Amino acid sequence: MANTTSDEQDVSRDEAADLLQELARQIRGDGRADVEVGNKTIELHPASAMTYDIEIEERSPMIGGQRETVTVSLGWEIEDD
């Protein structure tokens, strides 16, 4: 069974950077990572090696307005203790 938890909110540029820095702080080092998603905290167990994927989409004004989107994905297999 797969569970998905998501949250979307409008934040300032600085708030977005703060959220990314907190995520980076949580996954850095060893042990678990407690990641806040909306009003919920998810306990993750990052592995020592993971996949990192970044995608940037640049939309022209001809498709409903000029817009840029950055999507970052991290993935890993949970390591046995």
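This note comments on the pockets and the nonpolar surface patch of a predicted model.

1. The largest pocket has a volume of about 1800 Å³. Its lining comprises 35 residues, and those closest to the centre of the pocket are D7, L19, L20, L23 and V72.

2. Several elements of secondary structure contribute to this lining. At least two residues each come from helix α1 (13–27) and from the strands β1 (33–37), β2 (40–44) and β4 (67–75). By residue class, the lining of the largest pocket holds 16 nonpolar, eleven polar and eight charged residues.

3. The second largest pocket has a volume of about 280 Å³. A total of 15 residues line this second pocket, and G31, H45, P46, A47 and E79 are the ones nearest its centre. The lining of the second largest pocket divides into five nonpolar, five polar and five charged residues.

4. On the surface, M50, Y52, I54, I56, V70, V72 and L74 form a nonpolar patch of about 660 Å². Strands β3 (51–59) and β4 are the elements that each give two or more residues to this patch. V72 deserves a remark in this context: this residue belongs to the nonpolar patch and is also listed among the residues closest to the centre of the largest pocket.

5. I56, one of the patch residues, is found in strand β3. I56 counts as exposed because its relative accessibility is 58%, and the cut-off for exposed is over 50%.

How values were computed
Residues are numbered from 1 along each chain as its sequence is written. This is a predicted model: local features need pLDDT of at least 70, side-chain atom pairs count only at pLDDT 80 or more; totals for chains, interfaces and linings use all residues. Side-chain values use heavy atoms; hydrogens and water are left out. On a 1 Å grid over the protein atoms alone, a cavity is a set of points where a 1.4 Å probe fits but cannot get out, and a pocket is an open set with protein on both sides within 12 Å along at least five of seven lines; lining residues have an atom within 4 Å of a point. Grid points are joined across faces, edges and corners, and a volume is the space filled by probe spheres set on the points. Helices (H or I, at least four residues) and strands (E, at least two) are DSSP runs, numbered from the N terminus. Ala, Val, Leu, Ile, Met, Phe, Trp, Tyr, Cys and Pro count as nonpolar, Asp, Glu, Lys and Arg as charged, and the others, Gly among them, as polar. Patches are made of residues with over 30% relative accessible area and no salt bridge: like charges are joined within 9 Å, nonpolar side chains (Val, Leu, Ile, Met, Phe, Trp, Tyr) within 5 Å. Accessible areas come from the Shrake-Rupley method with a 1.4 Å probe; for residues, only the protein chains shown count as cover. A salt bridge is a side-chain nitrogen of Lys or Arg within 4 Å of a carboxyl oxygen of Asp or Glu. Buried means under 20% relative accessible area, exposed over 50%, partly exposed in between (1.4 Å probe, protein chains only).
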